[in-house]
Amino acid sequence: MTTTQAPANDGATRAGAVAARASGLTKIYGEGETRVVALDGVSVEFRRSEYTAIMGPSGSGKSTLMHCMAGLDTISGGSATIADVELSKLKDKKLTQLRRDKIGFVFQAFNLVPTLTALENITLTLDIAGRKPDKAWLDQIIDTVGLSGRLSHRPGQLSGGQQQRVACARALASRPEIIFADEPTGNLDSRSGAEILGFLRRCAREFEQTVVMVTHDATAASYADRVLFLADGKIVDELADPTADSVLERMKRFDGKGRTS
Ligand SMILES: Nc1ncnc2c1ncn2[C@@H]1O[C@H](COP(=O)(O)OP(=O)(O)OP(=O)(O)O)[C@@H](O)[C@H]1O
């Protein structure tokens, strides 16, 4: 494991700067009787180097917020910006480019390519973009996630925790502006989950990566710098420096049972 500070990302952003922002973000699905207001004027900033967990009851808009912020879904009103670029102003090709270069994704189901080795999976996005990996950075990530001895293995030869570590390394490889993690520990045992959560926290603290994670788990949320609580498409609460207990306590206000779904 290394604690060397990674070089700054393009020099374009600094710790504390805003990496992504939603302003009055609204998302409406359907119309008439099937109309659903999934996001109802959400305004929030995700600062560089900050690790944010998003929690809330099932159907409160967590995934929709993440998808709209990542340009995976269109928005109905307001704006979503990544690195000061407003996503709705981009044409398809530019949006694809921005997603590839500025956003890292970690999914619950890992989403690795089964026929590629761990290393090929990690560098896949860069390869598609025709970009040469920064070898020092790549070595640092691989060392940090502890995958050095597994690089020639294919996903099927790796444990779930190891596969998710590959997915995390892949998300980081391009030094994105922001990493979106959708229930990244949902398919992992608690030990592997803790490793991934610890790694995401190190990404934020040591590599100045902005991380936004959707989770239903108070312990997972406690690894973050702050927790945003969504209900009915609105941010209804925020908790800084969370502990599992303080998150559970806050969640009780939503359903009286300490569960969000
Ligand atoms: N493609 C869609 N078409 C219509 N309605 C949708 C669509 N996607 C989401 N919704 C609705 O938008 C609302 C917010 O959904 P979303 O998936 O963002 O919630 P969530 O908080 O992520 O829920 P969960 O914790 O269950 O994953 C819900 O009422 C949902 O039914």
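The following questions and answers deal with a predicted model, taking the sheet, the ligand shell and the helix contacts in turn.

Trainee: In what order do the 4 strands of the open sheet stand?

Mentor: The pairing in this sheet is antiparallel. β1 (residues 18–29) and β2 run antiparallel, joined by 9 bridges. The order of the open sheet is β2-β1-β4-β5.

Trainee: Which strands stand at the edges, each with a single partner strand?

Mentor: The strand order is β2-β1-β4-β5. An edge strand here has a single partner, so one side of it is left without a neighbour in the sheet. The edge strands are β2 and β5 (85–86).

Trainee: Which residue in β2 does Lys27 stand opposite?

Mentor: β1 covers residues 18–29 and is joined to β2 by bridges. Opposite Lys27, in β2, stands Leu39.

Trainee: Which element gives the most to the shell around the ligand?

Mentor: The ligand is surrounded by 13 residues, and the closest are Tyr29, Ala38, Ser58, Ser63 and Thr64. Two elements give two or more residues to this shell: β2 (36–47) and α1 (62–69). With 3 residues, the element that gives the most is α1.

Trainee: How many residues of the shell around the ligand are polar?

Mentor: The shell has 3 nonpolar residues and 1 charged residue. The number of polar residues is 9.

Trainee: Are α5 and α6 roughly parallel or roughly antiparallel to each other?

Mentor: Helix α5 (residues 160–173) and helix α6 (residues 190–207) pack at about 15°, with axes 9 Å apart. Angles under 35 degrees count as roughly parallel. α5 and α6 are therefore roughly parallel.

Trainee: Is the crossing of α5 and α6 left-handed or right-handed, and which residues of α6 make the contact?

Mentor: The crossing of α5 and α6 is right-handed. On the α5 side, the contact is made by Gly160, Gly161, Gln164, Arg165, Cys168 and Leu172. By class, the contact has 5 nonpolar, 4 polar and 2 charged residues. The α6 residues are Ser192, Glu195, Ile196, Phe199 and Cys203.

Trainee: At about what angle do α3 and α5 pack?

Mentor: The axes of helix α3 (residues 118–129) and α5 lie 8 Å apart. The two helices are roughly parallel to each other, and α3 passes α5 in a right-handed crossing. The packing angle is about 30°.

Trainee: How many nonpolar residues are in the contact of α3 with α5?

Mentor: Ala118, Asn121, Ile122, Thr123, Leu124, Thr125 and Leu126 in α3 meet Val166, Ala169, Arg170 and Ala173 in α5. Of the residues in this contact, 3 are polar and 1 is charged. The number of nonpolar residues is 7.

Notes:
Residues numbered from 1 in each chain as written. Predicted model: local features only at pLDDT ≥ 70, side-chain atom pairs only at ≥ 80, totals over all residues. Axes fitted to C-alpha atoms, helices over the stretch in contact; angles between N-to-C directions. Parallel < 35°, antiparallel > 145°, perpendicular 65-115°, else oblique. Left-handed = near helix turned anticlockwise from the far one by under 90°. Contact = placed C-beta atoms within 7 Å. Nonpolar A, V, L, I, M, F, W, Y, C, P; charged D, E, K, R; others polar. Near = placed C-beta within 6 Å. Pairing = 2+ DSSP bridges.
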